[in-house]
Structure formats: structure tokens, C-alpha cells
Amino acid sequence: MAFEISLAGKIALVTGGARGIGAEICRKMAKAGADIVINYYHSDADRNAAAKLSDELKAAGTKVLLCECDISKEDEVIAMMESVKASFGALDIVVNNAGILMTRTFETMTFAEWRAINGVIMDGSFLVSKYALPMMRTGGSFVMISSNVAINGGGGSPAYPAAKAGLEGLARQIVIEHAANGIRANIIQPAVIDTEMFRQRYPTDEDVANYGRRMPVGRVGTPADIANAAVFLASDEASYICGVTLQVDGGRTYYAKMK
């Protein structure tokens, strides 16, 4: 008999769930049996992507709730959670995935840009976690999508690694306050993943392939690599894993010689 990870009967909220890593996490969690809340930002691109993903998941039998919400705005997060409660009654999984990236240096980054990045990654993850916690059932799981830049710096700006490092601290505080209540939190540190965000800096397939050759595993990661890890950490099979940082990075963090 094959070993299978099941999320049957669970409700999963994924922030930034319309595209990239977030969309693949929605797909993988739905395939494992969860019903899905797709959070996405106020933009035509995200709105269209979310609708398309919702149709895809519903066609496979998944219950889906679409939540257009700027997670950096407290009133919008509260409204989103009220919608989740009305539709599903509770939550079992929260994936804090949403993020934005700008290529800046200390000299060129404005304070407004710093606040925008931290507003989504840090403020947004705090607000989503704060208002999700009262709805989490025993056995609930938070998964924070961080980055290896929290260790090594990089990511195109001072704000991005700072925000991702803060996200990891937020996860550990959830453990301190709520593990005794049966609610876990863990962290995934991706490195180089082939997403729209990555393609802003490495636009062609040749660029991506060349970058991948510098990795110990010889390739750039895919959203599925991160989604598979997220499914495991969110599942009951990981019930004794709590406050851990899982590097899903192809060896980049400690073994790649990157310029």
C-alpha cells in the first residue's frame, strides 16, 4: 500500500494564492483533499489568475473560497476572516506566502518602499495570523514561506531579507504561545524558484538554466518543490514538527558558490 499524505477534511488559507508558489500550494493541498481559501491582491492580474485557479480546483471537486484582500490592511483582513468563518466555520491550515519584491539598495530604497514590502510580508502575516488563530482547530498548522535571504541577505533590497527574517520570528512566537493548544508553526526557506518574480530578474529560459547550473542540484527550483514541502508540514504526519526551518533550496544556502 502506497504512503499518502492526506489533508482530507481540512480548510487551508493561502495568502498570495493566485499565482506562483501560492497557486501551486493551493493545487497540491487541494489534491491532498483540503478545501481552499485563495487570498489575492486587488489587481486585474491576480483577480483573473484567482478565478482561473478556482475554476480548475472546483472542476476537480474542491470547495474554494476567493478572498480579494490587501493583507496589509487590518479591516480587509477582518472582513476576509468573517467570510471564511461564514463559508467554512474554521481553519486548519494557514500559509503565509504573500510577498512583494523591489530591486533597490540602501541608497535607492525609499522609506515608502521599505514600508510597502514590510507591510505585505510582516504586517500582513501578523494580521492574518492574529485573526486566523481564534478560528484554528486543534491540530492546526501555520506554514511561513520565508527565503534563504533571511540567512544570507540578498533578494534585491534591504527590506526583503529583513521582512523574511521577521516572518520566521513570527512563526516561533506562534509556537511559544499556541503549541500547547495544538497549533503548530513551521517555516520553509526556498532559495531560487522559477516564478514570475524570479523571471523579473532572469527573464529567459537560458538565463534560468544558466543560473541553475550554479546550484549543487544543477537546476532552479519549481513552485511544486515548495508546495510539496508545505503539504507535508501542514499534515498530521508532521504533528511533532514545530518551529522548524526547512530549507528547500537545492543546496544553495550553504553549498552553492553564488555571485
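**Salt bridges.** I counted salt bridges (a side-chain nitrogen of Lys or Arg within 4 Å of a carboxyl oxygen of Asp or Glu) and got 13. This is a predicted model, where local features need pLDDT of at least 70 and side-chain atom pairs count only at pLDDT 80 or more, while totals for chains, interfaces and linings use all residues. Residues are numbered from 1 along each chain as its sequence is written, and side-chain values use heavy atoms, with hydrogens and water left out.

I picked out one pair: glutamate 24 and arginine 27 form a salt bridge at 3.2 Å, N to O. The two sit three residues apart in helix α1, so about one helical turn separates them. Helices here are DSSP runs (H or I, at least four residues), strands likewise (E, at least two), numbered from the N terminus.

**α3 against α4.** I looked at helix α3 (residues 74–88) and helix α4 (residues 111–132), whose axes come within 10 Å and cross at roughly 35°. Axes are lines fitted to C-alpha atoms over the stretch in contact, with angles from 0 to 180 degrees between N-to-C directions. From α3, Glu74, Val77, Ile78, Met80 and Met81 make the contact (heavy atoms within 4.5 Å), and from α4, Leu127, Val128, Tyr131 and Ala132. I sorted these residues into eight nonpolar, no polar and one charged. For that split, Ala, Val, Leu, Ile, Met, Phe, Trp, Tyr, Cys and Pro are nonpolar, Asp, Glu, Lys and Arg charged, and the others, Gly among them, polar.
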